[in-house]
Protein chains: 2
Amino acid sequence: MPQHPATARRVTIVDVARHAGVSTTAVSKVLRNAYGTSPQMRSRVRAAVDQLGYRPSAAARALRGRTHTLGVMLPDVRNPFFADILDGVAEHLDGTEYQLFMTSGCDDAASEARVTEAMIDRSMDGLILIAPVSSPARLDHVAQAVPTVVIGRHSRSSRYDTVNDDDFAGAALVVDHLVALGHRRIAHIEHRETDPVRLAEMPNALRADGYRHAMRRHGLAGHIDVAATTYTRDGGYHGAQLLLARRTPPTAIFAGADVAALGVLDALTEAGLSVPGDISVAGYDNITLAGFRTISLTTVDQDGHHVGVTAARLLLDRIAAPGRPATQVRSAPTPVLRGTTAPPR
Amino acid sequence: MPQHPATARRVTIVDVARHAGVSTTAVSKVLRNAYGTSPQMRSRVRAAVDQLGYRPSAAARALRGRTHTLGVMLPDVRNPFFADILDGVAEHLDGTEYQLFMTSGCDDAASEARVTEAMIDRSMDGLILIAPVSSPARLDHVAQAVPTVVIGRHSRSSRYDTVNDDDFAGAALVVDHLVALGHRRIAHIEHRETDPVRLAEMPNALRADGYRHAMRRHGLAGHIDVAATTYTRDGGYHGAQLLLARRTPPTAIFAGADVAALGVLDALTEAGLSVPGDISVAGYDNITLAGFRTISLTTVDQDGHHVGVTAARLLLDRIAAPGRPATQVRSAPTPVLRGTTAPPR
DNA sequence: AGTGATGTGGGTAACGTTTTCCAAATGTTT
DNA sequence: AAACATTTGGAAAACGTTACCCACATCACT
């Protein structure tokens with residue numbers, strides 16, 4: 001009795017067709033639930049598929065039809081907000097035939113271009129780009145090649161859908177809360193943005209604008225104080241150090257992202273300051289970590305899970321009807337008041 | 001002058017060949033640095049490639065040759081230890097032609113099977129499986145279909161390489177540290193493992209073994225006390241409650257994973273015990289959260305970055321020589337002493 | 001009975017690469 | 001000069017699937 005050969009040949013659609021006594025066309029139709037198959041043929045083919053353990057080669061499919069592969073471009077695996085989005089996407093895709101693959105670690109336009117090209121080369125059926133920094137033209141180019149949904153970018157392209165939080169309003173929520181507590185010297189840590197084109201589209205810029213606008217609305221224009229670093233733990237840490245070194249340091253620090261707020265907390269602890277006794281801290285994103293009892297960070301929730309679900313839904317819609325008009329979804333953020341904010345002493 | 005058509009046809013190898021005045025075979029050879037190309041032809045072809053902006057279709061390549069795609073199966077994006085591994089993998093792959101795609105959220109054997117099959121269907125060139133829970137037979141099956149490296153699994157298969165931390169030694173480090181502080185009643189929280197096959201392979205089982213062995217080495221066999229729950233926050237919480245209910249509760253709790261240690265801290269806080277005053281706590285993995293000043297958890301660090309680099313190197317080796325004998329790499333863990341451990345009172 | 005619509009199934013040409021071959025030209029040894 | 005090896009390039013057949021047709025049978029109306 002012969003053993004399995006060293007490298008087993010894959011079962012192909014031809015094998016299934018022969019085994020079921022039908023044509024490959026028929027098998028293909030059954031597999032894709034296409035028109036023109038009788039119930040008997042369907043059951044015969046399915047039986048053959050099961051018996052032979054056949055799996056369609058996505059590689060071969062890619063050449064003619066769909067790959068049933070979706071790509072997610074993720075800037076940073078470590079940002080838990082993105083993980084929430086991923087959960088939402090995965091949940092909405094659960095039960096469909098689509099398989100999700102993601103890339104991580106795109107931190108500049110060049111690597112974003114490399115990754116999106118790689119996804120197009122592999123003829124993925126659709127792309128979800130999370131917080132991309134590429135130029136609008138570049139995003140358009142990608143969206144022309146493959147159905148695309150962009151998360152975290154306030155642009156209005158006719159080629160792709162966008163899902164966003166109302167960052168401007170969200171920032172105002174934080175300022176309102178701190179003002180209501182009695183704070184006046186409220187500082188902000190923003191993610192530095194220099195490119196003029198992106199300035200109007202990027203959430204970080206909108207959060208900073210929302211902060212400034214809300215401060216003025218409360219008559220606190222004179223107390224506007226922004227440290228421009230990055231939305232990372234280190235960025236928050238250094239931003240806080242900058243702010244603490246002011247002649248009159250703030251009584252509250254509003255970091256534009258929770259990860260940065262965590263860095264702020266580190267810096268404050270190191271400086272021997274108690275939170276919220278000596279100084280209040282707020283973030284943005286409501287990452288899972290923010291809810292942990294030992295941290296209990298006041299923040300703004302943009303329901304990453306829901307963002308993910310929405311993006312996935314839009315993407316499937318767009319795949320089904322590639323030419324349909326683009327939609328911009330903007331969800332309302334909600335404040336999450338926890339233990340790191342209190343009235344100033 | 002005609003505008004771009006609605007859906008631009010992709011530039012193919014045929015276009016390049018025609019433009020360069022050579023055959024498609026020639027272009028293919030140049031692109032793959034294959035044998036049989038003159039310097040003149042190479043430069044002609046490369047010029048045509050650049051002028052036309054040609055990019056080979058990975059989809060088409062998949063059918064005959066290599067896809068230059070590697071897959072990483074990740075159980076959980078939120079676990080920062082895995083992010084460190086990813087960084088290492090990405091770093092080692094930087095500059096190569098390989099593109100990395102990953103999947104997340106595999107929490108049981110069924111979803112692992114689904115994901116690995118999906119990767120094989122897409123004819124990926126190699127796979128890195130991180131902390132899989134599938135059966136050894138299943139791992140062998142995957143490794144037979146595609147070059148594979150497994151991280152976090154102490155198995156000895158001839159088909160795939162493994163990269164591990166020395167969990168046995170790591171657990172001993174914690175026990176040594178606690179004994180040096182003067183503790184004798186040191187309890188352990190383990191992730192329950194029932195499958196006899198996996199028992200010898202899974203890191204959690206080795207950590208529990210390492211704990212027991214170290215306790216005996218210190219003459220503390222009589223104080224061995226293990227609560228078998230899970231490596232989750234809840235698991236740690238309930239494990240701690242079990243241990244606190246002993247007639248003589250432990251003076252130190254060593255949780256087999258940091259996430260579980262966080263649950264232990266919750267339970268202790270709830271019981272009104274101070275850490276490390278009343279009781280010491282240690283974890284394993286050195287997740288980012290463990291380093292937070294407000295937590296400051298004593299733990300064991302396994303250089304995830306180095307693990308990733310090693311795995312990537314092994315995978316490229318294996319792709320180059322699929323039949324070569326399998327290697328098992330085991331790296332040494334280092335203790336990270338922080339604020340949750342102190343001498344017993 | 002004739003006509004058209006509908007349902008059912010298959011033949012075959014793509015899709016864009018790589019991988020054999022094979023032929024011609026050129027170089028090298030006897 | 002003959003015989004042989006090496007280099008250089010191309011033709012054509014895969015690879016596994018789907019899309020586009022076409023053929024045939026059946027059915028419902030005039």
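I'll go through the DNA-facing surface, the chain interface and one helix. Keep in mind that this model is predicted.

DNA strand D to begin. There are 26 residues around this strand. Which come nearest? From chain A, Ile13(A), Ser28(A) and Gly65(A); from chain B, Ser38(B) and Leu63(B).

Now the elements. Chain A puts α2 (24-31) and α4 (58-64) into the surface near strand D, at least two residues each. Chain B does likewise with α2 (24-31), α3 (39-52) and α4 (58-64). By class, that surface has 12 polar residues, nine nonpolar and five charged.

Next, the interface. Chain B brings 31 residues into contact with 32 residues of chain A. On chain B's side, the elements giving two or more residues are α4, α5 (80-93), β2 (99-104) and α6 (109-121). Which of them gives the largest share? β2(B), with six residues. The class split on chain B's side is 16 nonpolar, eight polar and seven charged.

Last, helix α10 of chain A, residues 203-217. Here is a quick check on its geometry. Its 15 residues should span 21 Å at 1.5 Å a residue, and the end C-alpha atoms are 21 Å apart, so the two agree.

Which residues of α10(A) are buried? Pro203(A), Asn204(A), Ala205(A), Leu206(A), Arg207(A) and Ala208(A) come as a run. Then Gly210(A), Tyr211(A), Ala214(A) and Met215(A).

What covers them? The cover includes helices α8 (167-181) and α9 (196-199) of chain A. It also includes strands β5 (161-165), β6 (186-191), β7 (225-229) and β8 (252-255) of that chain.

After α10(A) comes Gly219(A), with a positive phi near 70°.

Methods
Residues are numbered from 1 along each chain as its sequence is written. Chains are lettered from A and ligands numbered from 1 in the order in which they are written. This is a predicted model: local features need pLDDT of at least 70, side-chain atom pairs count only at pLDDT 80 or more; totals for chains, interfaces and linings use all residues. A residue is near a molecule or strand if its C-beta atom, placed from the backbone, lies within 6 Å of it. Helices (H or I, at least four residues) and strands (E, at least two) are DSSP runs, numbered from the N terminus. Ala, Val, Leu, Ile, Met, Phe, Trp, Tyr, Cys and Pro count as nonpolar, Asp, Glu, Lys and Arg as charged, and the others, Gly among them, as polar. Two residues are in contact if their C-beta atoms, placed from the backbone, lie within 7 Å. The expected span of a helix is 1.5 Å times one less than its number of residues. A residue is buried if 20 or more other C-beta atoms lie within 10 Å of its own, exposed if 12 or fewer, and partly exposed in between; C-beta atoms are placed from the backbone.
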